[in-house]
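Visitor: I have a model open in front of me and I'd like to learn how to read it. Could you walk me through some features?

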Amino acid sequence: MAQNIVEPIEDYGLSKKSKPKSLFSKVGIIGFGTSGQAIARIISRQGIEVTFIETDEKRIKAGLAGLERDLDRIIGNWGLTESDKRAILSRVKGFTDYKKLEGCDLVLEAILSNKRESSVEDRKEIFKKIEAVVEPYAIIATNSSTSVITELSAELEHKDRCVSLHFSTLSTEARLVEVARGLHTSDEAYDNTAKFITMLGKTAIPVDESPGLVTVRMFVPLINEACHILMEGTASMEDIDFATKESLSLAIGPFEMADKIGLDRIFRWSENLYREFGDMHYKSSPLIKKRVRANQLGRKTGKGFYTYDENGKRIK
Amino acid sequence: MKILVLNCGSSSIKYQLFEMNDLSILAKGTMEKIGLKGSFLKIEKPNGDKVVFEGEIIDHQAGIEYILGVISSEKHGCIANLDEINAVGHRVVHGGELFNSSVLITDAVIKAIEQTIELAPLHNPPNLKGIQAVSSVMPKIPQVAVFDTAFHQTMPEHAYMYALPYSLYTKYGVRRYGFHGTSHRFVSKQACEFLGKDYNNQRIITCHLGNGASLAAIQNGESVDTSMGLTPLEGLIMGTRSGDLDLGVLTYIMDKEEIGINSANTLLNKHSGMLGISGVSSDMREISAAVAQGNKRAELAYNMYNYRVKKYIGSYAAAMGGVDIIVFTGGIGENNDFVRAGATEGLAFMGLEMDFDKNKTIKGTEAIISKSNSKVTCVVIPTNEELVIAQDTLIIVNG
Amino acid sequence: MKVIVLNCGSSSIKYQLFNQLENGEKVTIGGEILDHAQGIEYLLGILISKKYGCVANLNEIIAVGHRVAHGAEYFNDSVLITKEVIAGIEKAAELAPLHNPANLAGIYSINKLLPHVPQVAVFDTAFHQTIPPRAYLYGIPYSLYEKYKIRRYAFHGTSHKFVAKLACEAAGLDFNNAKIITCHLGNGASVAAIKNGHSIDSSMGMTPVEGLVMGTRAGDLDAGALLFIMQKEEINISVANTLINKHSGVLGLSGISSDMRDLENASYEGNERAIKTLDVYQYKIKKYIGSYMAALGGVDLLIFTGGVGENDSNLRKLVLNGLEFMGFEQNPETANTRGKIAFLSTPESKVKVMIVPTNEELVIATDTYNIVSKG
């Protein structure tokens, strides 16, 4: 009778010397909103386990449902297959307990903080909770582009392992990730992070620690300027989008961009940049403020500058 | 004389260890998820025992070390010492225009394989990793590269050139290369041996029908045309690949569905073919089962599949001015009599008289499935790419 | 009793006026007008003008026949143009965004200028509507067929049908009981397999870019190769379309010209690229003939037509060379025939091979006349 046997492979190494731990077999994400989900998808796609932390069971469920919807949408657009989806979902698990981050090689904070003033404090708190459960070599990162990593890591024991990682907000398919190092960031931590980005099939763009890094600094004034032109009555919304797209060779125009990113997010970015630099052209346009107050946040709420159906397709 | 055959994929390694004296397989296994969580090696021992080795396999280097460790272990191995392995043969997917046969691997050969990475960005890099890993573990052992494309390098220009601006050929090497060369070469030769014909004086059409599928036209021992192109997407309808497609359709879909190059590649390589048409599966056995239950789309997919194969047979008969032998191989070609019958039905005009009753009885064995008075002989020949790699390696190592 | 045949392209209008269709057709006048907007009005003016005209009064025109590029799955034959038919052509414009709108512009103009004259639409795709699903579907998700009607439609139907019928008469075969392969080789080119009077397969696809190598179109190409090129050259969809429709084919491969006559001349002078290009061109036709032979289960009649097919004897010889195994014997005496109906095979040959000059305008005129006089 043929048998089925299972054994550990380590017994069969040619040289019995201990193998270095493979990097990035498990990655943690704090906060599983739209960005958290998108980043989890990118990472899990590469075969890496993702453990995310949310505040309660309801949000875990909602986050996983969001991830699944996103995967279905991509399959509908021919970008992935059903078996890719099963594999990706099988590697993503959500918990409320930070202890579950044990064994993570990198933990990324991707929370959505609505309280402007306290967002830095919130993030610092999260960094401390992460440090309490992961190994000293594990990288701790933030996805926030307007928080400064030196500040977030200030109270940690191993500050040298902190970086700021900014995945493109507009398109998860974008092949770049901005990586900013703080005052304390070690070369090793930075290099390992860059290696991780390469594993994801993307290019790490090194940037100096500066609020907004490169991309957010570009988004905010562009969208603000579009709002000004609209308020002055120089051209219609559609025409501003069309003109910008065609003349700057962009895939989408500034209003479409704002709706896609989310107006709440643009608003927070603007406020942060304005506070940091004090420059008027970062100051959030009233057109955005008004819509944020009315909870017209763009594609995700069905209305922003334009109107969308439940599948996120523009109707007006 | 023992030869190890390696087929290194992006996250997997398949291996077979051959005893060349009697061509027996001493060891065989598959390693998966290299560099990922949950990696493992699965082997099947000659006595039928299945062993799974679990643990962290961080890269191809570590993977090959473990494989060699298992092969030479007391408990699950078959050799006492690694020195017993005389040579290693590698399957290399793309040899571009630089290789028209198997070669002994040297630094120059490695450089040349690196040059063809552009044409096979998914496949050639892991093949190279395998070569480098073996070099570092067994620095003295001779290694041989056997290319999927090499056999087709004899194709004449009129068969390999696309009607595109010539500069795209000179600039990027855009042309037909064809794949499955090792299999087409093996089964065409084997068919001649089986039939007692002179390989160098026959017009042969080989149908390699597996999960990927291609036809080749082989005239006097040389491939003169084949259905796969620059990429393995062209030609027959496959499990999940579309095969031939109006380019206008491709640009139309990209425009309408608003998808980019990556998604278009996934669409045509993963969502299409038998899976896309039938909506049932990419597996012929499941599609057969659906047909038996009266599923119309599954039946349609089958009809399209067979019709495409048949048209290619006619086309290659015209290319060679007639045909002497038609060979079926690959998982589907060897086992699916319905496909064989559908693809050869109505070809009496070119001298093929099929024995459809006998065809029904043949599964995975060498057999003639045309009538004895048929001018064209149709045969089933099981393929064995690993064996070809081992034999090529042996010949090259022996000089 | 006069019929106008119009072929409205995106930037030109070709016209022919046919007379006395009931007994021996005759073209009275023909030409091309490049200005589209007012073209048809000018055209009618010319027709009745003293100097160049041939019609005393526009009342003599009993009907207008239009060549319409794409009939999608709506039309399998020529039809009298009604509101519903116009709506159908408009719907089919999705699939032929360059051609159908121009055809429609012609129909609207006649409607306005000659409101009482009946019009007939003759579709390039209609004859091929008998192609079975196994030949018209692509190996892509079925949902794309359901959603966009993506499938093989094929073109040159008017020509394939016309030459096949005419050849049957000349060869003494029954069109409804014969296996025929027609090679329409012009600037655009396609092969059709015709069984018992019905088209069962053809080399052009949903668009005219598929199939044979053409003047400037690529024909069959690995879809993966196009994606590879798009990535390498960083080009978008519309540039890719221009590449495969305008820069490829005989022109792209040879670097000389899209005109086969130029290629033939260059090859006589020993130009390597021209010789290679001719070889690629002929090889593709040969393979399609073999492929359709297999699809038909043999062939009774093989026909060459279109500018290249009717006149290029060198190319025909290259194509036929090596096809003897299918039961064809070449007649050396007729091999160099140009532009007229002729047998290229010997009388004993099992498979008949013929040249039959095509005449799409005549088919349109005849269809138009028949439909109008019946109705």
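Guide: Let's start with helix packing. To get an angle between two helices, a line is fitted to the C-alpha atoms of each helix over the stretch in contact, and the angle runs from 0 to 180 degrees between the N-to-C directions. Keep in mind that this is a predicted model.

Visitor: Okay, so at what angle do H7(A) and H8(A) pack?

Guide: About 140°, with the two axes 10 Å apart. Over 145 degrees would count as roughly antiparallel, so H7(A) and H8(A) are oblique to each other. The crossing of H7(A) past H8(A) is right-handed.

Visitor: Which residues make that contact?

Guide: From H7(A) you have Ala226(A), Ile229(A) and Leu230(A), and H8(A) brings Met237(A), Ile240(A) and Thr244(A). Sorted by class, that's five nonpolar, one polar and no charged.

Visitor: Let's look at the loop leading into H7(A). Is Val214(A) buried, exposed or partly exposed?

Guide: A residue needs 20 or more C-beta neighbours within 10 Å to be called buried, and 12 or fewer to be called exposed. Val214(A) has 16, so Val214(A) counts as partly exposed. You'll find Val214(A) in the loop between strand S9 (203-208) and helix H7 (215-232) of chain A. Leaving out residues up to four places away in sequence, Val214(A) touches Glu178(A) and Val207(A).

Visitor: How far is Val214(A) from Gly312(A)?

Guide: The two sit 98 residues apart in sequence and 27 Å apart in space, C-alpha to C-alpha.

Visitor: What about the nonpolar cores?

Guide: The general idea is that nonpolar side chains tend to be buried together in soluble globular proteins. Here the largest nonpolar core has 249 residues, and among those touching the most other members are Ile67(B), Ile313(B), Ile181(C) and Ile289(C). Helix H11 (residues 296-320) of chain B gives the most to this core, with 14 residues. Zoom in on Ile289(C): sequence neighbours up to four places away aside, Ile289(C) touches Ala318(B), Ile181(C), Val191(C), Leu302(C) and Leu323(C). Apart from the largest core lies another, of 47 residues, including Ile53(A), Ile88(A), Val163(A) and Val177(A).

Visitor: And how do I read the contact between chains A and B?

Guide: Interface size is often given as the accessible area lost when the parts come together. For this pair, let's go by residues: 23 of chain A are in contact with 33 of chain B.

Visitor: Which element gives the largest share of the side of chain A that touches chain B?

Guide: Strand S1 (residues 4-8) of chain A, with five residues. By class, that side of chain A has 10 nonpolar, nine polar and four charged residues.

Conventions:
Residues numbered from 1 in each chain as written. Chains lettered and ligands numbered in written order. Predicted model: local features only at pLDDT ≥ 70, side-chain atom pairs only at ≥ 80, totals over all residues. Helix = DSSP H or I, 4+ residues; strand = E, 2+ residues; numbered from the N terminus. Contact = placed C-beta atoms within 7 Å. Parallel < 35°, antiparallel > 145°, perpendicular 65-115°, else oblique. Left-handed = near helix turned anticlockwise from the far one by under 90°. Nonpolar A, V, L, I, M, F, W, Y, C, P; charged D, E, K, R; others polar. Core = buried A, V, L, I, M, F, W, Y, C linked by C-beta atoms within 7 Å.
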